[in-house]
Amino acid sequence: MCSSWVVFTFCCLGQLCAGKSLKPQIAASWLAANNPTHTTVTLQKPFCMFDSSLHPNKSYAVYLYAMEESASAISSLVINSSKPLDSTFQQTRGGQLGPYKAALFNVPNCASPPRLADVGDINKLSDVLKQYLFRVGDDGNCLYDPNFLGICNPPLAPDTTYRFKYLLLDTTEGIVKDQTLWSDAIKTRRVKLPLKIDTWPGRRSGDMIVITSILSVLMFLLLAGFLASVSSVWKAKTALKITKKKKKSKKKKIYKNKSMGLSDPKLFQ
Amino acid sequence: MAKSDGIRILQGLLVFGNVVIGMCGIALTAECIFFVSDPHGLYPLLEATENDDIYAAAWIGIFVGFALFVLSILGIIGVIKSNRTLLLVYIILMLITYAFEMASCITAATHRDFLTPNLFLKQMLERYKKSEPDNNNDKWMIDGVTDTWDKIMVQNQCCGVHGPSDWQEYTSAFRATHNDADYPWPRNCCVLDDQGSPTSVDGCKLGVPGYYNSNGCYDAISGPVNTQAWGVAWFGFAILCWTFFVLLGTMFFWSRIDY
């Protein structure tokens, strides 16, 4: 129930957008969260954008062109006397010098768009994504493969602004029938160096301060207590010794007096 | 007569205090052994950050716990027999043990602060699947970090430290060997099926909800380590507070023993 409602609103939105501004749109973020990445940009395929130019009984194809934004000053023309431009990624130095052809695919079916509710279905997911989205920069190998003859769609440059354009081609006659505007500027992600990550913890936690300070105080008190008890014992010992000595000397005196024939001096008083 | 009654009460208290110290010692040893045995397999991560002093604290805790247990027995005997020499030995050894436990406690508390997300983030980016180790030790750490991360991400169904975007925001050793178009993040960030392969590589690459793990692993890493370190620190602290009073009492008792 809910999913069909979502699909319905999405289709309405799609129609609305197509009517107002015909520009390639970046894929919705709820569908493709990881977009754009460093080297790829995922676009929505041009649903219902070329409806007015389509005639039955003719075959059509859509070309996707990409260029760096800086290149628009040099050349942003993709039609050469009603023929589509044929420059490749290498020829334009990755879009720096002008638009290059990034992809060729069938015109998306406006009448029966893929059901976005099927995204949750593992078996249908890749089909829905394929029909609905196109990922610029998806092919990491074609540049280095000498046997690759198709349209090469190699990774884009990071931290660079790109623009995209769809073109409708009549494949029977080889003539461009329609085109969208250049898309809004889309910037690939910037990368940061992990070296610059600061791992310093900053302020100390209260735990650490409490534990350290209290323990230091306790240790100090313990040592002080130990010293106090040792000194008190030592004092007691010396006091004991002195009293013993005194006793001894007293005894000696008494003994002396006795030996001299005097028993207790007090007796004489 | 009154004085000897007081001494008897003090003796009883000290024996009780030492019994508690002995039991706490065993508990501390047990706790620290649990920590050191690394039940969550997180040690390689801490080792690679060169910040494994928390484990050092736990090792000290093991020995201190045992020492406390043995010393408490010595203390009980000394107090009951009122033997001066025995008690002096007890006090001195206890002070040394006290200092060690203090070190363990403070180390654990301090290093809990160092377990910041950025610490793990940096290490993950610099070491995960790094292809060219500098030396054998480095290779050892890289393998440890890689295996641990692979395991954590699968077990906890998480990705990166804060989330998969970690792999997008920063360059990494992983990025040097895995291009962004095919591996925006490691495959273990994808939702895996029973065979351990991604349910949908395309969905995972694009970040379609439900096909990649969008939450970060920081909680899964720091949670256990933090709790255990917290235990070592605060339990050690509690033992030290208790021991403080017992030791003071013992010193008083020691200085009041008659010949």
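**View 1. Chain A meets chain B through 15 residue pairs in polar contact, both partners at pLDDT 80 or more.** This is a predicted model, so keep that in mind for every close-up here. On the chain A side, helix 2 (122-132), strand 6 (133-136) and helix 3 (206-259) each bring at least two residues to the surface that touches chain B. Helix 3 of chain A gives the largest share, with 21 residues. Sort the chain A side by class and you get 30 nonpolar, 16 polar and 10 charged residues.

**View 2. The A/B interface as a whole buries about 4800 Å².** Carbon and sulfur atoms account for 69% of that area. In terms of residues, 56 from chain A are in contact with 58 from chain B. How many salt bridges are counted between chain A and chain B? The count is 2.

**View 3. Zooming in on one salt bridge across the chains, Lys205(B) pairs with Asp138(A).** The two side chains meet at 4.0 Å, taken from N to O. Side chains of opposite charge can pair when their charged atoms come close.

**View 4. Within chain A, Lys58(A) and Asp170(A) form a salt bridge at 3.7 Å, N to O.** Here the partners come from distant parts of the chain, 112 residues apart. Lys58(A) sits in the loop between strand 1 (41-44) and strand 2 (60-68) of chain A, while Asp170(A) belongs to strand 7 (residues 161-170) of chain A. For the bigger picture, a search of the whole structure turns up 14 salt bridges over all chains.

**View 5. Chain A has one stretch, residues 208-234, that UniProt labels "transmembrane region" in an unreviewed entry.** In the model, residues 208-234 of chain A are 100% helix and 0% strand. The C-alpha atoms at the two ends of this stretch lie 39 Å apart.

**View 6. In chain B, the label "transmembrane region" covers residues 12-36, 56-80, 87-109 and 232-254, according to UniProt (unreviewed entry).** Take residues 12-36 of chain B: the model makes them 100% helix and 0% strand, with 36 Å between the end C-alpha atoms. Residues 87-109 of chain B are likewise 100% helix and 0% strand, and their end C-alpha atoms are 32 Å apart.

**View 7. Chain B is split by the domain assignment into domain 1 (1-115 + 220-256) and domain 2 (117-218).** Notice that domain 1 of chain B is listed as two segments, 1-115 and 220-256. The C-alpha centres of domain 1 and domain 2 of chain B are 41 Å apart. Even so, 16 residues of domain 1 are in contact with 16 residues of domain 2 in chain B.

**View 8. Where domain 1 and domain 2 of chain B touch, they bury about 1400 Å² between them.** Of this area, 65% is on carbon and sulfur atoms. What is the salt-bridge count between these two domains of chain B? It comes out at 0. Polar contacts do show up, with 8 residue pairs found across this domain interface of chain B, both residues at pLDDT 80 or more. Helix 2 (43-48) and helix 10 (218-255) of chain B each supply at least two residues of the domain 1 side that touches domain 2. Helix 2 of chain B gives the most to that side, with 5 residues. By class, the domain 1 side in chain B divides into 9 nonpolar, 6 polar and 1 charged.

Technical notes: Residues are numbered from 1 along each chain as its sequence is written. Chains are lettered from A and ligands numbered from 1 in the order in which they are written. This is a predicted model: local features need pLDDT of at least 70, side-chain atom pairs count only at pLDDT 80 or more; totals for chains, interfaces and linings use all residues. Side-chain values use heavy atoms; hydrogens and water are left out. Domain bounds come from an automatic or database domain assignment. Contact means heavy atoms within 4.5 Å. Buried area is the accessible area (1.4 Å probe) that two parts lose on being put together, summed over both. A polar contact is a pair of N or O atoms within 3.5 Å; within protein, one must be able to donate a hydrogen and the other to accept it, and residues adjacent in sequence count only if both atoms are side-chain atoms. Helices (H or I, at least four residues) and strands (E, at least two) are DSSP runs, numbered from the N terminus. Ala, Val, Leu, Ile, Met, Phe, Trp, Tyr, Cys and Pro count as nonpolar, Asp, Glu, Lys and Arg as charged, and the others, Gly among them, as polar. UniProt positions are given in the numbering used here, feature names are shortened, and annotations may be inferred rather than shown by experiment.
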